[in-house]
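Reader: Please show me how to read pockets, cysteines and backbone angles in a structure like this one.

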Amino acid sequence: MINHQILVVGGGLAGMRAAIEACQATGKGGQRLDVALLSRVHPLRSHSGAAQGGANASFGNAEAGKDDNWEKHAFDTVKGSDYLGDQDSIEVMAKEAVPRIVELEHWGCPFSRTPEGKIAQRPFGGAGYPRTCYSADKTGHVMLHTLYEQVTKRRIKVYSEWMALALVRSAGVCVGLVAMEMLSGKLEAFRADAVIFATGGAGRLYQKTTNAIINTGYGMALAYWAGVPLKDMEFIQFHPTTLYGTNILISEAARGEGGYLYNAKGERFLKDYAPSLMELAPRDIVARSEQIEIEQGRGYENAYVLLDLRHLGREKIEERLPGIRDLAISYAGVDPVEQPIPVQPGQHYTMGGIACNTWGESELPGFFAAGESACVSIHGANRLGGNSLLETVVFGKLAGERAAQFVQSKENSRKGEQDIQSALAGAQSKIEGLLKADGTEDFPTIRKEMEVTMTEQVGIFRERSPMEKALKIIRDLKERYRRGCLRYHGRSFNQDLMRALELEGMLDVAEIVAMGAVAREESRGSHYRLDFKARDDEKWLKHTLARFTPEGPRLEYSPVTITNYPPVERKY
Amino acid sequence: MKASIKVWRFDPDNGDKGNLIQYQAPYQEGDTVLQALLDLYEQEYPVCFRFGCRFKKCGLCAVEINGRPRLACRTPLKDGLTIRPLRALPNIRDLVVDRDPAFSVLLPYQPWPAIGEPPERLPRLTEPVEHQRLMACNECLGCLSTCPTYRHDDPSCGGPFQFVKLAQAHFHPLDRMDRPAQARALSIERCGSCLKCRCLIGIPIVKMAIQPLLEGAHQP
Ligand SMILES: Cc1cc2nc3c(=O)[nH]c(=O)nc-3n(C[C@H](O)[C@H](O)[C@H](O)COP(=O)(O)OP(=O)(O)OC[C@H]3O[C@@H](n4cnc5c(N)ncnc54)[C@H](O)[C@@H]3O)c2cc1C
């Protein structure tokens with residue numbers, strides 16, 4: 001059994017920021033805490049690296065942003081969340097934004113600059129001021145490198161290409177986990193006084209998504225199986241500008257820098273939906289408007305609209321959006337300097353996640369969560385662009401800090417070793433079962449059916465009866481999963497096995513998304529019900545919690561924290 | 001439509017030496033090699049390969065296509081392609097290579113900007129254009145397969161990837177280490193007469209990494 005005081009799962013921005021913070025703390029004897037990080041891909045390969053647009057912080061460095069401050073950032077976030085975000089946590093995020101970005105700068109993160117050498121800021125959707133700090137259009141990439149350098153410098157032990165398979169609780173506290181070394185296929189038990197999950201989003205529940213193929217939400221499933229509830233999972237963000245066909249993201253930065261959206265009649269159609277903010281309205285509104293235009297026949301080929309950047313001019317496009325230009329050329333054969341880009345909405349972000357508070361504490365003592373896999377909740381029913389990169393560093397730090405406090409008060413005990421051993425045996429026999437199974441069902445087919453069902457029935461526009469059908473399909477798929485069969489039976493780097501294991505989690509998470517969406521009879525943020533078009537604060541100003549039971553998920557609800565911003569109608 | 005491709009299959013667990021398998025990949029205009037591999041994985045043979053973002057960012061899907069390193073996610077699929085693992089690194093299974101040696105050789109050199117204690121207020125910074133370009137490196141390690149002399153098992157022999165990493169630090173406005181000296185410890189002199197290396201996403205390695213490190217002037 002491998003022993004660490006704190007084990008962080010996930011090598012993206014949130015996980016690395018948590019590990020950095022935790023390893024700065026000292027234990028009882030004055031020595032640094034023993035912190036390790038475990039990740040299914042090398043930390044630098046995490047999907048955080050794909051983020052293009054930037055991270056919000058109310059520096060007020062741009063001329064048009066002079067009057068910005070943290071309160072305005074907090075208010076924009078609350079309103080963007082359609083009042084479902086917890087306002088105390090949102091205030092913490094808005095206040096911590098500036099110090100966290102400055103800290104990254106001190107660690108050498110090359111943010112783009114204004115002519116006077118200050119950190120440059122660009123406008124983003126749903127924000128009153130240019131507030132988004134960026135590094136051209138590779139912000140996530142440079143942030144990830146900066147944090148990885150800090151991790152290496154601090155000699156934090158990294159288990160790279162290890163996949164967590166089970167979270168272990170013993171006598172009501174979290175005591176460790178079971179993980180597989182992918183290269184050898186070997187299972188290993190890990191004992192830890194605190195575990196932090198920063199395992200990223202669940203975009204791959206959907207067929208049309210901007211997310212990496214590895215964003216499967218498996219960490220959420222592991223937490224759920226260990227009895228930790230998932231919060232607000234029905235809130236799935238659809239991004240308005242993903243490349244037609246491949247759904248590769250064209251960052252909101254393209255509209256932040258001044259891009260326009262046109263329907264097939266040549267109209268900037270947002271004038272009919274969000275006349276004051278136009279293209280820079282929040283994503284839920286822009287994505288829905290686009291979908292309506294397409295469904296009512298004002299799109300191209302009944303599938304896409306056009307994002308036009310030509311009026312920005314070659315120079316600005318090359319300077320500020322070179323990566324976006326390159327993606328459009330490589331994957332749509334369109335040079336945005338000369339032609340508009342065909343775009344359509346696609347799944348982009350999982351607002352919900354492992355239920356936790358501002359400090360990442362879940363209801364299971366010793367178990368913490370941060371980043372996209374967590375639901376603090378900052379984003380409520382709709383995330384604002386640029387708040388997620390920020391969330392990873394703000395709440396990654398807080399989770400690391402709180403986990404360190406939690407273990408500082410303890411001897412590095414050997415509690416729970418027996419339960420960890422039996423979890424190891426359980427994982428072993430599950431895998432052996434899968435390797436031996438000679439069922440008739442094919443896992444990739446099951447996965448595809450799930451993706452299509454979620455995209456078509458639990459997508460941008462939702463309604464009771466199609467969603468109930470989707471739920472039934474997903475439950476059938478869960479049945480079929482049990483008769484599934486692997487095609488590769490070796491141990492080393494058995495992706496067939498890993499993807500099959502993940503699929504089990506994805507089916508459960510998909511079921512939770514659909515159940516939450518059927519139950520929530522209102523429209524709020526990204527959750528839009530054709531049969532309940534209005535927001536209903538009286539009945540539904542509350543968080544959904546999905547809790548594991550052997551019979552399937554049980555839904556519970558918890559109150560939303562309101563501090564300074566009483567809910568009012570959300571108009572842009 | 002179908003595209004006929006050959007893919008390297010290698011399963012050391014079963015004691016075999018590896019061979020090429022044929023696959024008729026379904027093919028549509030605009031499809032990439034990555035899609036064909038995913039398809040092969042789903043339909044016929046559970047081929048083992050790394051993948052992540054599918055749009056050039058994560059650098060995981062670098063393989064050799066018809067003898068040249070490429071990102072599978074941005075290489076158009078066509079008839080007659082042969083797909084093999086990167087030759088510069090040890091093959092583990094099918095298209096998967098051991099990426100570790102490429103990174104571990106750098107560890108003694110602190111391949112991050114050596115800033116020391118940051119001053120209370122940072123000076124207003126400008127980022128040199130070389131740093132901007134070099135930071136686009138997605139660490140796919142494909143460039144190592146274009147280097148005629150890189151050896152993953154020789155700690156005194158760096159390759160283009162390692163020099164890009166050192167050059168990133170070299171051009172960081174706050175870095176205080178002598179990166180050219182480190183590059184010499186990784187035998188950069190042998191690059192002087194070669195310059196065959198290529199970057200899969202177009203970073204000018206020779207101009208922005210090799211030459212500045214060879215010329216040796218330590219940037220202030
Ligand atoms: C294309 C794209 C562009 C974006 N642009 C922006 C933007 O401009 N601004 C913004 O604010 N947000 C943006 N976002 C959102 C933002 O990038 C993500 O929400 C954020 O980076 C998530 O970080 P994370 O650390 O939580 O997770 P990730 O970076 O996804 O990392 C998850 C980690 O968990 C590991 N992991 C997962 N499961 C396991 C397991 N079972 N065992 C071991 N390890 C595991 C993975 O290996 C990975 O290292 C964008 C998202 C996408 C998809």
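Author: The turns below take pockets, then cysteines, then the backbone. This is a predicted model, in which local features need pLDDT of at least 70, side-chain atom pairs count only at pLDDT 80 or more, and totals for chains, interfaces and linings use all residues. Residues are numbered from 1 along each chain as its sequence is written, chains are lettered from A and ligands numbered from 1 in the order in which they are written, and side-chain values use heavy atoms, with hydrogens and water left out.

Reader: What counts as a pocket, and which residues are closest to the centre of the largest pocket?

Author: On a 1 Å grid over the protein atoms alone, a cavity is a set of points where a 1.4 Å probe fits but cannot get out, while a pocket is an open set with protein on both sides within 12 Å along at least five of seven lines; lining residues have an atom within 4 Å of a point. Grid points are joined across faces, edges and corners, and a volume is the space filled by probe spheres set on the points. Here the largest pocket holds about 1,500 Å³. It is lined by 42 residues, and those closest to its centre are A:Gly245, A:Thr246, B:Asp31, B:Gln35 and B:Arg54.

Reader: Which element gives the most to the lining of the largest pocket?

Author: Elements are DSSP runs numbered from the N terminus: helices (H or I, at least four residues) and strands (E, at least two). With six residues, α1(B) gives the most to this lining.

Reader: How many residues of each class are in the lining of the largest pocket?

Author: Ala, Val, Leu, Ile, Met, Phe, Trp, Tyr, Cys and Pro count as nonpolar, Asp, Glu, Lys and Arg as charged, and the others, Gly among them, as polar. The lining has 17 nonpolar, twelve polar and 13 charged residues.

Reader: Where does the second largest pocket lie?

Author: Domain bounds come from an automatic or database domain assignment. Domain 1 (2-97) and domain 2 (100-215) of chain B both give residues to the lining of the second largest pocket, so this pocket lies between them. Its volume is about 1,100 Å³. Of its 45 lining residues, the closest to the centre include A:Lys138 and A:Glu319. α9(A) gives the most to this lining, with five residues.

Reader: How many disulfides are there over all chains?

Author: A disulfide is a pair of cysteine sulfur atoms within 2.5 Å. The whole structure has zero. For B:Cys53, the nearest cysteine sulfur is that of B:Cys58, 4.0 Å away.

Reader: Why is B:Cys137 not bonded to B:Cys199, and is B:Cys137 buried or exposed?

Author: The closest cysteine sulfur to that of B:Cys137 is in B:Cys199, at 6.7 Å, which is too far for a bond. Buried means under 20% relative accessible area, exposed over 50%, and partly exposed in between (1.4 Å probe, protein chains only). B:Cys137 is buried at 9% relative accessibility, and B:Cys53 is buried at 3%.

Reader: Which peptide bond is cis?

Author: One that is cis runs from A:Val376 to A:Ser377, with omega near 5°. A:Ser377 sits in the loop between β17 (374-375) and α10 (387-408) of chain A.

Reader: What is phi of A:Asp232, and what is phi of B:Lys56?

Author: Phi of A:Asp232 is near 50°, a positive value in a residue other than glycine. A:Asp232 belongs to the loop between β10 (230-231) and β11 (236-243) of chain A, and is buried at 1% relative accessible area. For B:Lys56, also not glycine, phi is positive, near 75°. B:Lys56 lies in the loop between α1 and β3 (62-65) of chain B and is buried, with a relative accessible area of 9%.
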